[in-house]
Amino acid sequence: MQQPKVSLDKNYWDKRYKTSDFGWDLGEISPPLKAYFDTLQNKNLKILIPGAGNAYEAEYLFNKGFKQVYSCDFARSALNNLKQRCPDFPESHLLEGDFFELQEKGFDLIIEQTFFCAINPALRKKYVEKMHELLKDGGRLVGLLFDDVLNSDVPPFGGSAAEYKPLFDTRFAPLRFEPCTNSVQPRAGRELFIEMLKKT
Ligand SMILES: C[S@@+](CC[C@H](N)C(=O)[O-])C[C@H]1O[C@@H](n2cnc3c(N)ncnc32)[C@H](O)[C@@H]1O
């Protein structure tokens, strides 16, 4: 079992933004998510991006006219970066705090990107339960998971489709759970694209 050697708390993550120690940051919206967002017609969808970091995905959606977009992160620095690039993004949609303690519910869509791999692997079952709780009936969890072993002591923590599938099957019906074909180059061949429907 992978075990973090550091406490993955607010201070840990905030410090990584403050010291520009964020190798995961693409500096732009990730191509698979952009392609997915471009298929969405309903601008009224209530969308959550947990562990959003610098949140290029939230910025893209907001600028496209999706006004019910929420960005959740432990790190105030990351939320501030979004607000700086996107001053009209509502302060009330910047959810500073622990995803596992989130009270805002009723999302149509939750977006995953390098958040699952950032949490302690011991919390993965809790992650699935919390995603289920935050989504409306008929809601979907969509995004990317690493299909790679990665690290065992510090994030990112990896895994495989075979490992993830039974975990999500308890609460979600997979609509897509497949190798991602349009990953950003350094992640090519190492990501799964998932689209999972909340089970009721
Ligand atoms: C690896 S980064 C990914 C950021 C962003 N998704 C991206 O792709 O650039 C993980 C993010 O999750 C946040 N995070 C980790 N655990 C969290 C938690 N329990 N609640 C809220 N945010 C958390 C960190 O602050 C960090 O911004």
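**Exercise 1. Locate the ligand in this predicted model and describe the residues around it.**

Step 1. Start with the site: the ligand sits in the largest pocket.

Step 2. List the neighbours. The ligand is surrounded by 17 residues. Tyr-17, Gly-51, Asp-73, Gln-113 and Thr-114 are the closest.

Step 3. Sort this shell by class. It holds 10 nonpolar residues, five polar ones and two charged ones.

**Exercise 2. Find polar atoms of the protein that lie close to N or O atoms of the ligand, and state how much of the ligand the protein buries.**

Step 1. Take the ligand oxygen atoms. One lies 2.5 Å from a polar side-chain atom of Asp-73. In the side chain of Thr-114, an N or O atom is 2.6 Å from an oxygen atom of the ligand.

Step 2. Turn to nitrogen. Here the partner belongs to the backbone: a polar backbone atom of Phe-99 is 2.9 Å from a nitrogen atom of the ligand.

Step 3. Add the surface. The ligand taken alone exposes 590 Å², and 95% of that is buried by the protein.

**Exercise 3. Count the salt bridges, then examine the pairs Arg-16 with Asp-21 and Asp-38 with Lys-64.**

Step 1. The count is 20 salt bridges. Side chains of opposite charge can pair when their charged atoms come close.

Step 2. Between Arg-16 and Asp-21, the closest N and O atoms are 3.3 Å apart. For Asp-38 and Lys-64, the N to O distance is 3.0 Å.

Step 3. Is Arg-16 buried or exposed? Arg-16 counts as buried because its relative accessibility is 16%, and the cut-off is under 20%. Its partner Asp-21 is partly exposed, at 40% relative accessible area.

Definitions and conventions:
Residues are numbered from 1 along each chain as its sequence is written. This is a predicted model: local features need pLDDT of at least 70, side-chain atom pairs count only at pLDDT 80 or more; totals for chains, interfaces and linings use all residues. Side-chain values use heavy atoms; hydrogens and water are left out. A residue is near a molecule or strand if one of its heavy atoms lies within 4 Å of it. A polar contact is a pair of N or O atoms within 3.5 Å; within protein, one must be able to donate a hydrogen and the other to accept it, and residues adjacent in sequence count only if both atoms are side-chain atoms. Accessible areas come from the Shrake-Rupley method with a 1.4 Å probe; for residues, only the protein chains shown count as cover. On a 1 Å grid over the protein atoms alone, a cavity is a set of points where a 1.4 Å probe fits but cannot get out, and a pocket is an open set with protein on both sides within 12 Å along at least five of seven lines; lining residues have an atom within 4 Å of a point. A molecule sits in a cavity or pocket if more than half of its atoms lie within 2 Å of its grid points. Ala, Val, Leu, Ile, Met, Phe, Trp, Tyr, Cys and Pro count as nonpolar, Asp, Glu, Lys and Arg as charged, and the others, Gly among them, as polar. A salt bridge is a side-chain nitrogen of Lys or Arg within 4 Å of a carboxyl oxygen of Asp or Glu. Buried means under 20% relative accessible area, exposed over 50%, partly exposed in between (1.4 Å probe, protein chains only).
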